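Trainee: I am new to this structure and would like to be taken through it step by step. Could we look at the rings, the helices and some single residues in turn?

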Amino acid sequence: MTAVGIDGIEIWTGKLSLDLPEEFAPVMDDDPEKYTKGLGLFKSSFPDAYEDIVTMGANAAHRLMERKGIDPKEVGRIDVATESAFDKSKPASTYIAGALEQVLDGVFTHANKGERKFACISGTQALNDAVNWIAAGRNRGRGAIVITTDTALYERGDPGEATQGAGAVAMYVNKDPSIVEISMEQGFGSVDETDFLKPNQQFPSVDGKRSMQVYLARMREALEDFESETGRSHPDDYRFIPFHTPFPNMVRKAAVLGYRHTIRDTELEDTLAEQIGRQPRSEEYDDREAFSEDIQEYMDALSETDMYREWYERAIKPTVDISSRVGNWYTSSVHLARLSALIHANRKGIDLAGETLLVGSYGSGAQAEIHEELVVEGWEDEIDGDAVDTLLNVRHPITFEEYERVHDQHNHSKEKVQEPFTEPDGEFVFDGWGPMNERQYTFIE
Ligand code: HMG
């Protein structure tokens, strides 16, 4: 089987940042620790007045193409995943390709372009589409650019406001990749749900608490489906497990459930049995409620054990670092989780080549997908944590009052309510409306 996967990754963050414990919590009359400890979030990213899904996606893709020296001729496919689209017909990928053509030497006339929609999981679906296209041999030697880009804003006053974010990830997918090979085996959990949706509206209708239960249920189904195909899921087989991260503590909840599930009937369960007993088995219970209570008690005890904590520190915690500093980037979120883990490993000098990642993607509405990725030799040359830190550290901090105006600016109306806070520098910007109501873009040197 041809090895296909991710050859390069670049990100672009919305250029503004809001400090959640310092700026947001006091106005909400909340304890700052609700954000830092309860959700695991410190800052959110927001787009400046001249930024949107196209500028952020084009800027991430431009960085990627420049750094890797990718010629437009080599790119046979440009797919964008977003749930913040402003055009119901023309895909964001055409706007992004048009913007890139303003500055690159070459055009993307030959490239197949599209836009994927299924809440946050569409980023992974676009990645899988690119992998499948290459594995099927329809790529004529070309690679694919996959861009995930969102302005993840909630209605003012919605509890989801705490988890907002804005940014993009661009990935180059090709044969014999330099970072990870993506396995062809997948597990899915997919059910028609109405916990988070945007029926012809800019901000989502959200049942936040239920959305968390739906996330856990679909992720469990995807894991079971993956196990039924591969027969694998032992937690020690995976160096890192990047999950979709709407906020870091969602992952904390998923991790303990996943660990319990995957240690069942293994030597790890036997070892732990001396301290906390064996896991309750549903077949041993007539009473569902009693089973749920005992399972919860087991998980509470499990999460306090050294074995679990060590696994969490090793396999999960390094994946949520970027998320804690930027909030939810929707379609980009699981791709930031993978990147976080790779940056951590690079900084710690961890030899990852030959190690496997288990990647858990999720989108409301609702679907989870699980697949494995094999880290390849030389991966560390592609991962630059300092470049990511620089992007995040130069974000312009905004006050709560400024945040309110930024939020109004990004409600897809044409009215201009906010002057930019920052000066664009070597990047694409939104430059006003054209005669057919199209958004227009320029590159500012
Ligand atoms: P909330 O009701 O404002 O928060 O909304 P809360 O009161 O539940 O507090 C949050 C946590 O902080 C709780 O922890 C509190 O106990 C804790 P938990 O009990 O859950 O473990 N807490 C504190 N901890 C320490 N010190 C304190 C303190 N105070 C409270 N002083 C909610 C939270 C997540 C519901 C809200 O932010 C929301 O609606 N978010 C949007 C929906 C969402 O993110 N759902 C996640 C799963 S669905 C998903 O991931 C898909 C998504 O990305 C969309 C897509 O796919 O496109 C969203």
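What follows is a set of questions and answers on aromatic pairs, helix contacts and single residues.

Trainee: What kind of model is this, and how are residues numbered?

Mentor: This is a predicted model, in which local features need pLDDT of at least 70 and side-chain atom pairs count only at pLDDT 80 or more, while totals for chains, interfaces and linings use all residues. Side-chain values use heavy atoms, with hydrogens and water left out, and residues are numbered along each chain as its sequence is written, from 1.

Trainee: How many aromatic pairs does a search of the whole structure find?

Mentor: Rings of Phe, Tyr and Trp (its six-membered ring) pair if their centres lie within 6.5 Å; planes under 30 degrees apart count as stacked, over 60 as edge-to-face and the rest as tilted. With that rule, the number of aromatic pairs found in the whole structure is 19.

Trainee: Which kind of pair do F196 and Y330 form?

Mentor: Both F196 and Y330 are buried, where buried means under 20% relative accessible area, exposed over 50% and partly exposed in between (1.4 Å probe, protein chains only). F196 belongs to strand β9 and Y330 to the loop between α11 and α12, so the pair ties together parts that are 134 residues apart in sequence; helices (H or I, at least four residues) and strands (E, at least two) are DSSP runs, numbered from the N terminus. Because the ring centres of F196 and Y330 are 5.7 Å apart and the planes stand at 85 degrees, the pair is edge-to-face.

Trainee: And which kind do Y215 and Y362 form?

Mentor: This pair links distant parts of the chain, with Y215 in helix α6 (residues 208-230) and Y362 in strand β11 (residues 356-363), 147 residues apart. Y215 is buried, as is Y362. The centres of the rings of Y215 and Y362 lie 4.8 Å apart and the planes are at 50 degrees, so the pair is tilted.

Trainee: Which charged end sits over the ring of F86?

Mentor: A charge sits over a ring if NZ of Lys or CZ of Arg is within 6 Å of the ring centre and within 35 degrees of the ring normal. One such case is K90, whose charged end sits over the ring of Y95 at 4.4 Å from its centre. For F86, at 5.1 Å from the ring centre, the charged end is that of R439.

Trainee: How are α7 and α10 placed to each other, and what is the hand of the crossing?

Mentor: The axes of α7 (residues 248-263) and α10 (residues 306-316) come within 11 Å and cross at roughly 125 degrees, where axes are lines fitted to C-alpha atoms, for helices over the stretch in contact, and angles run from 0 to 180 degrees between N-to-C directions. Angles under 35 degrees count as roughly parallel, over 145 as roughly antiparallel, 65 to 115 as roughly perpendicular and the rest as oblique, and α7 and α10 are therefore oblique to each other. A crossing is left-handed if the near helix is turned anticlockwise from the far one by less than a right angle, and right-handed if clockwise. The crossing of α7 and α10 is right-handed.

Trainee: Which residues of α13 meet α12?

Mentor: The axes of α12 and α13 (residues 385-393) come within 9 Å and cross at roughly 125 degrees, which makes α12 oblique to α13. Contact means heavy atoms within 4.5 Å. On the α12 side are L339, I343 and R347, and the residues of α13 that they meet are G385, D386, V388 and D389.

Trainee: Is G165 buried or exposed, and how far in space is it from Y330?

Mentor: G165 is found in strand β7 and, at 0% relative accessibility, counts as buried. Leaving aside neighbours within four places in sequence, G165 is in contact with residues including S45, D150 and W329. G165 and Y330 are 165 residues apart in sequence, while their C-alpha to C-alpha distance in space is 8.2 Å.

Trainee: What is the phi of R140, and which peptide bond is cis?

Mentor: Most residues other than glycine have a negative phi, and most peptide bonds are trans. R140, in the loop between α5 and β6, is exposed at 68% relative accessibility, and although R140 is not a glycine, its phi is positive, about 50 degrees. The peptide bond that is cis, with omega near 0 degrees, runs from G365 to A366.
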